[in-house]
Amino acid sequence: MARSEERTESVDDPFGALLKRYEGQPAAVSGRGRDPVNPAMIRHWCEAMGDAHPGYRGPDAVAPPTMLQAWTMAGLDGRNSRTGPYVELLAALDDAGCASVVATDCEQEYLHPLHPGDEVSFDAVIESVSARKTTKLGTGYFVTTRMDVRVGPRLVGTHRFRILKYAPRKASPERGGGADTRRPRPVVNRDNAGFWEGVRDHRLLIQRCAACAALRFPWLPGCGGCGSPEWTPVEASGAGTVYSYVVMHHPPFPAFEPPYAVALIELAEGVRMISNVVGVPHDEVRVGLPVAVEFRSYDDELTLPVFRVREAVGV
């Protein structure tokens, strides 16, 4: 999910007023999950997330709460329950030049756990359409939908999903073509500030729960295993292997030079993090490739941990 700095347009916007008429109209009606809640999908989710919580295994297992949206997704064949008003809203934005889209954020509320065998249904509503916004990506409108997920008549959770439909920013000669060639800045908050302080000092810090001693990454305010809010920072060795990877070819972005490899690195300590693999051609990156952390400065303000093939750094 991407976040964009934004400002609200103060000028009169008749088109925005037209879009407001869609608020409160249905976005999906009587949708049904393609599959019942099932152990196979739970297992794949937990493996991908590195979540070994025992509550997600065995005869009394429940589904991880964060899988809520997974049970409602349409799949690659395009099957969905979108309504006429939602299709019309997106088409109106496309026709107005706001044909690009980026997901910006989501909010979920969990009311009851889901168990294998549960069959979910859902309805969604167009909750809000923002005033016209100008962001670093371009000018457009934020559209928020709220989905209510049920098992039978019982509401088990809600899922708010927000997208930005926008017209990409045009190049401007005075800005050298309008492209910001700097690497995107990380979002630093009170929960992860310690990690970025470590990066600044060329230290790769992960967290250790003070109660159960479990190591974790990314940084979180509490332990996902035992729930304890107490933790201590631990400096990782920086050694790891490529657990999975993708090679990015498109879309182009001024701060990057595709194709390049983005990998999920499994550190020697057992936790995983996403970063770039550098020092070898993108087509030589493989699962299991041994790597080691390298702190690379991209400008006076930004240093990032990347991973170089271990033989190339002699470790």
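Begin by selecting strands S4 (120-129) and S6 (138-151), which run antiparallel and are joined by nine bridges. Strands here, like helices, are DSSP runs numbered from the N terminus, with at least two residues (E) for a strand and at least four (H or I) for a helix; two strands count as paired if DSSP finds at least two bridges between them. The model is a predicted one, in which local features need pLDDT of at least 70 and side-chain atom pairs count only at pLDDT 80 or more, while totals for chains, interfaces and linings use all residues. Residues are numbered from 1 along each chain as its sequence is written, and side-chain values use heavy atoms, with hydrogens and water left out.

**Around strand S6**

Within the S4 and S6 pairing, select Ile126, which stands opposite Thr145 in S6. Next, add strand S7 (154-168): 14 bridges join S6 to S7, and the two run antiparallel. Thr139 marks one position in this pairing, standing opposite Ala167 in S7. Follow the chain from S6 into S7 and stop at Gly152, which takes a positive phi near 60° in a hairpin with two residues between the strands.

Strand S5 (133-135) is the next selection. S5 and S6 pair in the antiparallel sense over two bridges, and Lys133 has Gly140 in S6 as its bridge partner. The hairpin that joins S5 to S6 passes through two residues. With these neighbours displayed, colour S6 by accessibility: ten of its 14 residues are buried, so S6 is largely enclosed by the rest of the structure. Buried means under 20% relative accessible area, exposed means over 50%, and partly exposed lies in between, with a 1.4 Å probe and protein chains only.

**The nonpolar cores**

Select Ile42, Trp71, Tyr86, Leu89 and Leu114, the residues with the most contacts inside the largest nonpolar core, which has 30 residues. Such a core is a set of buried Ala, Val, Leu, Ile, Met, Phe, Trp, Tyr and Cys residues joined through side-chain atoms within 4.5 Å. Among the elements that each supply at least two residues of this core are strand S2 (26-32), helix H2 (39-49) and helix H3 (84-95), as well as S4, S6 and S7.

Centre the view on Ile42. Leaving aside neighbours within four places in sequence, Ile42 is in contact (heavy atoms within 4.5 Å) with Val37, Tyr56, Val62, Ala63, Pro64, Met67, Trp71 and Pro116. Apart from this core lies another, of 25 residues, including Ile206, Ala261, Met273 and Leu304.

**Strand S8 and its partners**

Now move to strand S8 (residues 205-209), where four of the five residues are buried. S8 pairs with strand S10 (residues 231-235) in the antiparallel sense over five bridges; here Cys209 stands opposite Trp231 in S10. S8 also pairs with strand S9 (residues 215-216), again in the antiparallel sense, over two bridges. Select Arg208 to find its bridge partner in S9, Leu215. S8 and S9 form a hairpin with five residues between them, and Ala213 in the turn has a positive phi of about 70°.

In the loop between S9 and S10, select Ser228, which counts as buried at 12% relative accessibility. Not counting residues up to four places away in sequence, Ser228 touches Cys209, Ala211, Gly222 and Cys223.

**Salt bridges**

Finally, display the charged side chains. A search of the whole structure finds 17 salt bridges, each defined by a side-chain nitrogen of Lys or Arg within 4 Å of a carboxyl oxygen of Asp or Glu. One of them joins Arg132 to Asp13, with the closest N and O atoms 3.7 Å apart. Arg132 lies in the loop between S4 and S5 and Asp13 in the loop between strand S1 (6-8) and helix H1 (14-20), so the pair ties together parts that are 119 residues apart in sequence. Arg132 is partly exposed, with a relative accessible area of 22%, whereas Asp13 is buried at 15%.

Then select Arg32 and Glu119, whose closest N and O atoms are 3.9 Å apart in a salt bridge. Arg32 belongs to S2 and Glu119 to the loop between strand S3 (100-110) and S4, so this pair ties together parts that are 87 residues apart in sequence. To end the tour, select Glu127, Arg146, Asp148 and Arg160, which are linked in a network of salt bridges.
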